[in-house]
Amino acid sequence: MSVTSPSPPSLSPRLLAAGDGALIVELGEGVAPALNAAVHRLDRRIADAGLPGVVETVPTYRSVLVVFDPALTSPDALGPALLDLARDLARPTAEPQRRWIVPVCFGGAHGEDLDDVARRANLTSDEVVALHCAADYRVYMLGFSPGFAYLGGLPDALHQPRRENPRMVTPAGSVMQGGAQAAISPIAMPSGWHLLGRTPIKTFDLRRTPPFLLAPGDRIRFSPITAAEYDRLAARDGLSPDQETVTDDNQDDDQQGAAA
């Protein structure tokens with residue numbers, strides 16, 4: 001039996017101005033693993049190219065924001081170079097990626113919305129936890145708050161609207177879901193997402209270099225732990241999750257998660 005390789009995404013790179021000190025390289029429409037993987041490949045190409053005047057880049061779902069110093073370069077000079085780097089991004093490559101194994105205490109005081117999410121999905125709470133822990137999540141982008149990781153890969157059976165009444169404060173380390181995505185809160189923050197559990201891992205720590213544990217393009221697997229294990233791990237300073245190396249050549253197997 002022959003096996004057909006997945007078709008590469010159709011990319012249409014274009015430049016958009018973002019004030020007088022930044023350009024956006026937009027690769028396509030929508031939110032999908034293959035498109036987001038192309039964004040990360042472009043981000044790496046820009047970093048490797050060492051273009052004069054580029055200060056930093058910010059990869060998102062479907063584009064890369066390129067911040068530059070107007071005293072050192074201009075949109076007319078930088079734009080063509082960026083479009084040149086955006087060529088031939090569609091074909092997947094077997095590039096190594098980090099997959100973090102993140103311990104999570106689900107339900108109870110650590111995840112007070114778990115039972116409600118299960119009820120709306122016509123599942124048991126244990127089945128919801130099993131689905132979350134079987135998923136291979138992709139960090140699409142960081143945003144909203146320092147180190148907040150938007151995760152694609154939430155199983156279709158768990159897609160639900162966000163809370164009608166957002167909470168003013170959710171604890172740091174909350175593992176939650178909203179719409180078609182999951183997330184880990186890096187700090188205490190307001191949120192309208194459903195709280196499923198909590199991890200003792202600090203994804204944002206100013207004492208660490210770099211302070212952000214997760215990066216766009218990383219993968220995440222959740223691993224369930226008990227409340228006692230959570231307390232034991234939370235007491236350890238500088239705790240870091242286990243990680244493994246995976247390749248990005250099977251990206252079309254990811255669950256697609258649209259922004260919601």
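Visitor: Which residues of α1 are buried in this predicted model?
Guide: In this predicted model, taking buried to mean under 20% relative accessible area, the list for α1 opens with Pro 33, Ala 34, Leu 35, Asn 36, Ala 37 and Ala 38. The buried residues of α1 also include Val 39, His 40, Arg 41, Leu 42 and Asp 43, and the list ends with Ile 46.

Visitor: Is α1 largely enclosed by the rest of the structure or largely open, and how many of its residues are buried?
Guide: Helix α1 covers residues 33-49, which makes 17 residues in all. It is largely enclosed by the rest of the structure, because the number of its 17 residues that are buried is 12.

Visitor: Which elements do the buried residues of α1 pack against?
Guide: Packing here rests on heavy atoms within 4.5 Å. By that criterion the buried residues of α1 pack against the strands β2 (22-26), β3 (54-59), β4 (63-68) and β6, and against the helix α2 (75-85).

Visitor: Which element gives the most to the largest nonpolar core?
Guide: The largest nonpolar core has 32 residues, and Phe 106, Tyr 137, Leu 151, Ile 184, Ile 220 and Phe 222 touch the most other members. Among the elements that give two or more residues to this core are α3 (114-120), β13 (219-224) and β5 (96-106). With five residues, the element that gives the most is β5.

Visitor: Where is the phi positive after α1?
Guide: Helix α1 reaches 24 Å from its first C-alpha to its last, close to the 24 Å expected at 1.5 Å a residue. The residue that follows α1, with a positive phi near 60°, is Gly 50.

Definitions and conventions. Residues numbered from 1 in each chain as written. Predicted model: local features only at pLDDT ≥ 70, side-chain atom pairs only at ≥ 80, totals over all residues. Heavy atoms only, no water. Core = buried A, V, L, I, M, F, W, Y, C linked by side-chain atoms within 4.5 Å. Buried < 20%, exposed > 50% of the residue type's maximum accessible area, 1.4 Å probe, protein only. Helix = DSSP H or I, 4+ residues; strand = E, 2+ residues; numbered from the N terminus. Expected span 1.5 Å × (residues − 1).
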